[in-house]
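Grab a pencil and have the 3D view open. Below are a few exercises, each with a solution you can follow step by step.

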Amino acid sequence: MTILSAGAPGSIVRRTHPLWFLVPAYVLLLVFFFLPTVFNFVYAFTDWSGFKAAINPVGFDNFVQLTSDGTLFRSLRITIVYAVLVAVFQNLFGFGLAVLLERDTLVNRIARVFFLIPVLMSALAVGYIFQALLKGTEWLADTTWTIVVVALIHAWKWMGLSMLIYLAGLKTIPLEVTEAAHIDGASQWRTFWSVRVPFLAPAVTFNVATALLGSMNGFDIVQATTGGGPARTTEILNIFIYRTFGQGLFAQATTMSLVLFLLVAVMAFPVIYVLRKREEIL
Amino acid sequence: MTRRLQPVVALLLVAVVIGVPLWLVVATAGKSQGEAVDPDLTPPTTWHLWENLRQVWVDADIPAAFLGSMLIVVPTVAIVLIIGSMAAWVLARRSTRLTAILYALGISGIILPPAVVTVVLLLRQLGLAGTVTGMIGVYVGIYLSTVIFFVTGFVRTIPEALEEAARIDGAGPVAVFRRVVLPLLRPVLATATILICLYVWNDVFYAFFVIGGRIDTLPLNLFQVASAGLYLNNWHLIFAYVILMSLPLVVTFALAQRKIIAGITSGAVK
């Protein structure tokens with residue numbers, strides 16, 4: 001073989017890890033991910049709809065209309081409130097469960113499996129379960145508080161996954177560190193908050209980021225429990241997109257899809273940056 | 001004191017937080033239609049679980065929906081894992097500005113939401129609207145980022161010397177990848193398989209836009225059953241469906257839980 005008679009520096013890497021290995025993945029990414037995203041920026045400025053064949057540019061008309069009737073900012077506000085609530089609840093529950101079920105006893109191992117069942121179930125099914133459970137109560141009928149209830153349901157479904165990740169974080173803490181704190185006379189409470197919790201920073205980053213971004217993309221749970229109601233007070237962006245698409249208003253749905261894209265892009269980078277910074281300090 | 005209290009608290013929490021909703025599913029699925037109109041936690045006076053399961057199995061045509069789900073999930077997972085780890089391997093081993101940019105683009109989909117409306121237009125232009133192929137393409141596009149992210153991180157922890165030995169024996173890149181790298185990736189691929197199976201198996205949102213009404217999958221079918229069922233107050237059938245749909249995943253997980261938990265915990269936080 002000619003491997004040892006390599007010419008220019010780096011040519012071994014080029015031959016042993018050829019760039020064509022990237023081609024299938026990036027072709028599919030280009031076609032099914034990047035192109036539709038580019039289309040988002042184009043068709044949000046047209047009158048594309050299910051009612052006529054031609055598609056014409058209309059400038060900012062869709063944005064103007066969505067802004068003037070209040071839909072845009074209401075949906076944005078609801079989506080952000082929902083995402084923040086989910087991130088808070090899901091992490092509180094997941095963290096609490098991880099601390100409670102940390103030791104590897106038989107009871108704890110069984111309990112962990114039970115808390116993972118909601119993670120495995122479809123979000124749609126979870127939504128129907130809680131719709132049935134809360135049927136006839138005020139819980140899903142209040143225009144102010146229903147969004148909180150729906151966020152709690154979302155957090156209920158995913159708390160098992162947060163629990164797993166916090167458990168993994170707790171397992172990475174070296175035993176010597178907690179022992180050292182103990183010898184130095186730190187109380188259990190103090191050891192927990194000042195010594196062990198800081199080790200969980202990477203798990204917090206992962207959990208908060210995934211919960212926040214995941215719930216901004218939420219759909220199934222809200223659709224199955226409230227369908228966006230009462231009085232559209234739980235209509236997060238994806239519900240709006242689904243509803244307007246179903247009505248044949250494709251351009252409006254695209255406009256909202258673009259808004260969601262921009263919202264997530266704008267929120268994601270600071271969130272991840274701040275959380276990473278916090279990891280360094282702790 | 002806390003040592004003795006902890007198992008009691010744990011079991012109580014399981015019973016209330018998980019037990020109550022699951023009991024509601026089982027109890028309602030066991031009721032007659034009359035009893036199930038207002039779902040509550042009372043046990044059915046007589047159990048009709050078996051009849052209800054059979055009725056949704058036949059009426060909602062679960063076998064067809066199951067087949068539809070399988071036709072989409074299996075190729076999606078296979079394609080996304082193979083081409084994703086091919087790309088991740090090269091991205092992890094080559095450190096040039098080009099690969100850094102490609103890596104950033106490759107993982108951007110973890111954060112950025114897919115353009116679900118315009119993908120429909122694109123599929124129409126490609127002649128893939130409403131087809132299994134189109135659906136698989138969309139899912140592959142969405143989940144490639146996850147695979148590239150996890151696998152690239154994992155490859156960097158594998159010593160390159162393991163590949164060199166095979167190379168000196170005369171193996172080309174394809175052989176090295178297939179015989180040396182892929183087997184080493186098994187733990188991370190196992191984790192990714194579970195995650196992607198879960199997401200695709202349970203997805204209803206993207207399926208709505210791409211194949212809604214033309215091919216049935218289990219979640220799409222559940223949505224139809226439930227939309228009609230809520231109107232008709234057929235809660236017993238909705239929850240019979242939920243049981244049939246959730247059972248395969250829950251059983252698979254219960255059987256493989258130790259391995260899966262180990263895989264997820266080692267993959268996610270590092």
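**Exercise 1.** Decide whether A:Asp220 is buried or exposed, then work out what surrounds it.

*Solution.*
- Step 1: Keep in mind that you're looking at a predicted model.
- Step 2: Find A:Asp220 in helix 11 of chain A, which covers residues 220-225.
- Step 3: Check its relative accessible area, which is 13%. The cut-off for buried is under 20%, so A:Asp220 counts as buried.
- Step 4: List its contacts, skipping residues up to four places away in sequence: A:Asp220 touches A:Ala123, A:Leu124, B:Asn202 and B:Val204.
- Step 5: Now look at A:Arg190, 30 residues apart from A:Asp220 along the chain. The C-alpha atoms of these two are separated by 41 Å.

**Exercise 2.** Describe how chain B and chain A meet.

*Solution.*
- Step 1: Start with the contacts: 97 residues of chain B touch 83 residues of chain A.
- Step 2: Move on to area. The two chains bury about 8000 Å² between them, and 80% of that is on carbon and sulfur atoms.
- Step 3: Look for charge pairs. There is 1 salt bridge between chain B and chain A. It joins the side chains of B:Asp38 and A:Lys135, with N and O 3.4 Å apart.
- Step 4: Sort the residues on chain B's side of the interface by class: 72 are nonpolar, 16 polar and 9 charged.
- Step 5: Add the polar contacts, where 10 residue pairs turn up between the chains, both partners being at pLDDT 80 or more.

**Exercise 3.** Sketch a profile of chain B from its helices, its box and its surface.

*Solution.*
- Step 1: Count the elements. Chain B has 13 helices and 0 strands.
- Step 2: Picture the space: its C-alpha atoms fill a box of roughly 75 × 65 × 30 Å along the principal axes.
- Step 3: Look at burial. Of the 270 residues in chain B, 52% are buried.
- Step 4: Turn to the outside, where chain B exposes about 12100 Å², with carbon and sulfur atoms supplying 69% of it.
- Step 5: Take the contacts in chain B with a separation of 6 or more. Residues 24 or more positions apart account for 72% of them.

**Exercise 4.** Which parts of chain A does the salt bridge between A:Glu102 and A:Arg196 tie together?

*Solution.*
- Step 1: Get the overall count: a search of the whole structure finds 10 salt bridges over all chains.
- Step 2: Pick out this one. The side chains of A:Glu102 and A:Arg196 meet at 2.6 Å, N to O.
- Step 3: Place both ends. A:Glu102 sits in the loop between helix 4 (71-100) and helix 5 (106-120), while A:Arg196 is in helix 9 (residues 188-196), so the pair ties together parts that are 94 residues apart in sequence.
- Step 4: Compare the surroundings. A:Glu102 is partly exposed at 22% relative accessible area, whereas A:Arg196 counts as buried at 16%.

**Exercise 5.** Examine two further salt bridges, A:Arg112 with A:Asp104 and B:Arg167 with B:Glu163.

*Solution.*
- Step 1: In the chain A pair, the closest N and O atoms are 3.1 Å apart. A:Arg112 is buried at 8%, but A:Asp104 is partly exposed at 46%.
- Step 2: Widen the view: A:Asp104, A:Arg112 and A:Lys171 are linked in a network of salt bridges.
- Step 3: In the chain B pair, the N to O distance is 2.9 Å. Here B:Arg167 is buried at 7%, and B:Glu163 is buried at 2%.
- Step 4: Place the chain B pair. B:Arg167 and B:Glu163 are 4 residues apart in helix 8 (residues 161-168), which puts about one helical turn between them.

**Exercise 6.** Explore the backbone at A:Pro230, A:Ala231 and B:Asp61.

*Solution.*
- Step 1: Recall the usual picture: most residues other than glycine have a negative phi, and most peptide bonds are trans.
- Step 2: Check the bond joining A:Gly229 and A:Pro230. It's cis, with omega about -5 degrees. A:Pro230 lies in the loop between helix 11 and helix 12 (237-246) of chain A.
- Step 3: A:Ala231 lies in that loop between helix 11 and helix 12 too. Its phi is positive, about 50 degrees, although it isn't a glycine. At 65% relative accessibility, A:Ala231 counts as exposed.
- Step 4: Finish with B:Asp61, whose phi is positive as well, near 50 degrees. You'll find B:Asp61 in the loop between helix 3 (49-59) and helix 4 (62-93) of chain B, and it is partly exposed at 41%.

How values were computed
Residues are numbered from 1 along each chain as its sequence is written. Chains are lettered from A and ligands numbered from 1 in the order in which they are written. This is a predicted model: local features need pLDDT of at least 70, side-chain atom pairs count only at pLDDT 80 or more; totals for chains, interfaces and linings use all residues. Side-chain values use heavy atoms; hydrogens and water are left out. Contact means heavy atoms within 4.5 Å. Buried area is the accessible area (1.4 Å probe) that two parts lose on being put together, summed over both. A salt bridge is a side-chain nitrogen of Lys or Arg within 4 Å of a carboxyl oxygen of Asp or Glu. A polar contact is a pair of N or O atoms within 3.5 Å; within protein, one must be able to donate a hydrogen and the other to accept it, and residues adjacent in sequence count only if both atoms are side-chain atoms. Ala, Val, Leu, Ile, Met, Phe, Trp, Tyr, Cys and Pro count as nonpolar, Asp, Glu, Lys and Arg as charged, and the others, Gly among them, as polar. Helices (H or I, at least four residues) and strands (E, at least two) are DSSP runs, numbered from the N terminus. Buried means under 20% relative accessible area, exposed over 50%, partly exposed in between (1.4 Å probe, protein chains only). Accessible areas come from the Shrake-Rupley method with a 1.4 Å probe; for residues, only the protein chains shown count as cover.
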